[in-house]
Amino acid sequence: MGIGVWLRWSETEQTEVQLSFVAARARLTPLKQTSMPRKELQAILLLSRLMVALKDALRFNISYSKMWTDSLTVVRWLRGQSKSFRSFVAYRVGEITSEFDPHQDIAYVPTDQNVIDVVSRGTTAEGMLEVIKGPTYLKQPPESWPKTPQNIQEDTSDPERKKFHVRNAKTLALKVNAVAHTTAIVDPTSFSNWQRLKMVTARVLSVKDVPKKEWRPSCTGYVKRRRTSTFKMPT
């Protein structure tokens with residue numbers, strides 16, 4: 001993976017923009033197999049740390065900063081909630097967004113315009129000279145820079161997103177169904193806790209379709225036995 005930093009500046013009375021190469025870094029990817037979006041996110045993390053260090057080291061004010069990536073998946077992650085992702089993505093998204101605004105400071109650039117991409121692939125001395133010169137679009141007005149999509153659709157099949165536990169999903173479905181049926185079967189306001197309401201509702205639903213002549217005698221006998229055992233005086 002490769003990252004690079006350039007300083008864009010111009011004199012007040014001049015319209016021509018100058019680019020100054022500041023620094024570049026290259027890192028070997030881990031031996032453990034990992035997905036390409038994870039590698040791109042790690043590159044943005046290293047770039048954010050480098051930019052924070054350069055801001056502290058430079059002795060003049062920087063009006064604004066912007067980080068570019070050629071991965072729309074990473075842009076989507078950075079614009080989302082870190083707590084909705086698994087640990088690897090969540091920690092890195094949290095660190096990056098604590099220093100940079102994902103909507104203002106992070107942008108998307110097509111791969112064919114990402115000059116630093118040759119650092120990760122390897123190149124010749126002439127290729128590195130192009131890296132030092134910097135991206136050509138940065139020499140143009142901001143209106144001509146690559147546009148980042150405003151509404152990036154969420155990928156519901158993203159493996160980095162947290163999934164609801166199956167047991168939690170079943171419990172939620174049970175609660176929804178119970179509430180939907182209680183309006184016509186039992187009054188939920190007559191019970192002091194959820195467990196008692198659920199037990200009574202389950203008992204009523206179990207005999208709801210059974211003819212009254214079949215379940216009424218057994219229920220009456222059960223209630224009589226309960227009253228006898230409850231109010232029986234000790235001898």
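A crossing of two helices is left-handed if the near helix is turned anticlockwise from the far one by less than a right angle. With that in mind, the structure shown here, a predicted model, offers a good place to start: helix α1 passes helix α3 in a left-handed crossing.

The two partners are α1, spanning residues 36-57, and α3, spanning residues 87-97. Their axes lie 10 Å apart and meet at an angle of about 30°. Because angles under 35 degrees count as roughly parallel, α1 is roughly parallel to α3. On the α1 side, the contact is formed by R38, L41, Q42, I44, L45, S48 and R49. Facing them from α3 are F88, V89, R92, V93, E95 and I96. By character, the residues of this contact divide into seven nonpolar, two polar and four charged.

Charged side chains also come into view in a second way. A search of the whole structure finds three salt bridges, and each can be visited in turn.

One of them joins two members of the helix contact just described, E95 and R49, whose side chains meet with an N to O distance of 2.8 Å. E95 lies in helix α3 and R49 in helix α1, so this salt bridge ties together parts of the chain that are 46 residues apart in sequence. Both ends are partly exposed: E95 has a relative accessible area of 33%, and R49 has one of 43%.

Another salt bridge begins at R38, also a residue of α1 that meets α3. Here the side chain of R38 reaches that of E160, at 2.7 Å from N to O. The pair links distant parts of the chain, 122 residues apart, with R38 in helix α1 and E160 in the loop between α5 (125-133) and α6 (166-185). Are the two ends buried or partly exposed? R38 has a relative accessibility of 23%, so it counts as partly exposed. E160, in contrast, counts as buried because its relative accessibility is 7%, and buried means under 20%.

The remaining salt bridge stays within a single helix. The side chains of E130 and K133 meet at 3.7 Å, N to O. Both residues lie in helix α5, three residues apart, which is about one turn of the helix. E130 is partly exposed, with a relative accessible area of 43%, and K133 is likewise partly exposed, at 42% relative accessibility.

Technical notes:
Residues are numbered from 1 along each chain as its sequence is written. This is a predicted model: local features need pLDDT of at least 70, side-chain atom pairs count only at pLDDT 80 or more; totals for chains, interfaces and linings use all residues. Side-chain values use heavy atoms; hydrogens and water are left out. Axes are lines fitted to C-alpha atoms, for helices over the stretch in contact, and angles run from 0 to 180 degrees between N-to-C directions. Helices (H or I, at least four residues) and strands (E, at least two) are DSSP runs, numbered from the N terminus. Angles under 35 degrees count as roughly parallel, over 145 as roughly antiparallel, 65 to 115 as roughly perpendicular and the rest as oblique. Contact means heavy atoms within 4.5 Å. Ala, Val, Leu, Ile, Met, Phe, Trp, Tyr, Cys and Pro count as nonpolar, Asp, Glu, Lys and Arg as charged, and the others, Gly among them, as polar. A salt bridge is a side-chain nitrogen of Lys or Arg within 4 Å of a carboxyl oxygen of Asp or Glu. Buried means under 20% relative accessible area, exposed over 50%, partly exposed in between (1.4 Å probe, protein chains only).
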